[in-house]
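Trainee: I have a new model open and would like to learn how to read it. Could you take me through it feature by feature?

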Amino acid sequence: MAFRLFGDNYSMGIAEIDLHGMETKWAMKVLSSWIKGQRTPFRIITGNGSGAMSRATKEILISKGFIFQYESDWNLGTLIISGRKDETKSKKARRTDKTSK
C-alpha cells in the first residue's frame, strides 16, 4: 500500500499531510511530530473512512490550540488549519496596543 506522508499542495500553496492508509495510532504519532514544524495554514487529509482518523486528528488539533475547518461541505475528509488560538489573541492584543497609543 502506498501513501504520501507529507508534501506541498502547490495548487493551494500550503503544506499538507495525507494520512490515508495509515493505522490511526501510528498516524497520530506522525501527525504530532509533523505539526510541530509547520506554519499555518496547512492541510490534513484524513479520508472519509470510519471517522476514527478524523476524530483523533481533531482531538490533537484541539489539544494544541489549532483553529481548523473542513476544506468544503462536500469533502469532510480534509481539514484546513488556519492558525492557533493563541496567535489570534496575540494579534488582537497587538492591534489594541497600536490603537491605544
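Mentor: Happily! Let's begin with the elements: helices (H or I, at least four residues) and strands (E, at least two) are DSSP runs, numbered from the N terminus. Arg84, for example, lies in strand 5. Two ground rules: residues are numbered from 1 along each chain as its sequence is written, and this is a predicted model, in which local features need pLDDT of at least 70 and side-chain atom pairs count only at pLDDT 80 or more. Totals for chains, interfaces and linings use all residues, while side-chain values use heavy atoms, with hydrogens and water left out.

Trainee: How many helices and strands are in the protein chain, and what pattern does the chain follow along the sequence?

Mentor: The protein chain has 3 helices and 5 strands. Reading along the sequence, you meet them as β-β-α-β-α-β-β-α.

Trainee: When do two strands pair, and which strands does strand 5 pair with?

Mentor: Two strands pair if DSSP finds at least two bridges between them. Strand 5 (residues 75-84) pairs with strand 3 (residues 42-45) in the antiparallel sense, over 4 bridges. Within that pairing, Phe42 has Ile81 as its bridge partner. Strand 5 also runs antiparallel to strand 4 (residues 66-72), with 6 bridges between them. A hairpin of 2 residues connects strand 4 to strand 5, and Ser72 stands opposite Asn75 of strand 5.

Trainee: And which way does strand 2 run against strand 3, parallel or antiparallel?

Mentor: Strand 2 (residues 14-18) is parallel to strand 3, and 4 bridges join them. Look for Asp18 opposite Ile45 of strand 3.

Trainee: What does "buried" mean, and which way do the side chains of strand 3 point?

Mentor: Buried means under 20% relative accessible area, exposed means over 50%, and partly exposed is in between (1.4 Å probe, protein chains only). From strand 3, Phe42 and Ile44 point one way, Arg43 and Ile45 point the other way, and all are buried. Over the 101 residues of the protein chain, 37% are buried.

Trainee: Why does Arg84 count as partly exposed?

Mentor: Because its relative accessibility is 25%, Arg84 counts as partly exposed. Its C-alpha lies 4.2 Å from that of Phe66, although the two are 18 residues apart in sequence. Contact means heavy atoms within 4.5 Å. Leaving aside neighbours within four places in sequence, Arg84 is in contact with Lys64, Gly65, Phe66 and Ile67. For the protein chain, among contacts between residues at least 6 apart in sequence, 49% join residues at least 24 apart.

Trainee: How do I describe a pair of aromatic rings?

Mentor: You give the distance of the centres and the angle of the planes. Rings of Phe, Tyr and Trp (its six-membered ring) pair if their centres lie within 6.5 Å; planes under 30 degrees apart are stacked, over 60 edge-to-face and the rest tilted. The structure holds 2 aromatic pairs. Trp34 and Phe42 make an edge-to-face pair, 5.4 Å centre to centre with 85° between the planes. Phe42 and Phe66 have ring centres 5.6 Å apart and planes at 80°, so this pair is edge-to-face. That pair links distant parts of the chain, with Phe42 in strand 3 and Phe66 in strand 4, 24 residues apart. Trp34 and Phe42 are buried, and Phe66 is buried as well. Through the ring pairs, Trp34, Phe42 and Phe66 form a cluster.

Trainee: And how are two packed helices described?

Mentor: By the angle between their axes and the distance between the axes. Axes are lines fitted to C-alpha atoms, for helices over the stretch in contact, and angles run from 0 to 180 degrees between N-to-C directions. Here the axes of helix 1 (residues 24-36) and helix 2 (residues 52-63) come within 10 Å and cross at roughly 35°. The contact includes Ala27, Leu31 and Ile35 of helix 1 and Ala52, Ala56 and Ile60 of helix 2.

Trainee: Is Lys25 of helix 1 buried or exposed?

Mentor: Lys25 is exposed, at 59% relative accessible area. Its C-alpha is 8.6 Å from that of Ala56, 31 residues away along the chain.

Trainee: One last stop: which peptide bond is cis?

Mentor: Most peptide bonds are trans. The bond from Thr40 to Pro41 is cis, with omega near 5°. You will find Pro41 in the loop between helix 1 and strand 3.
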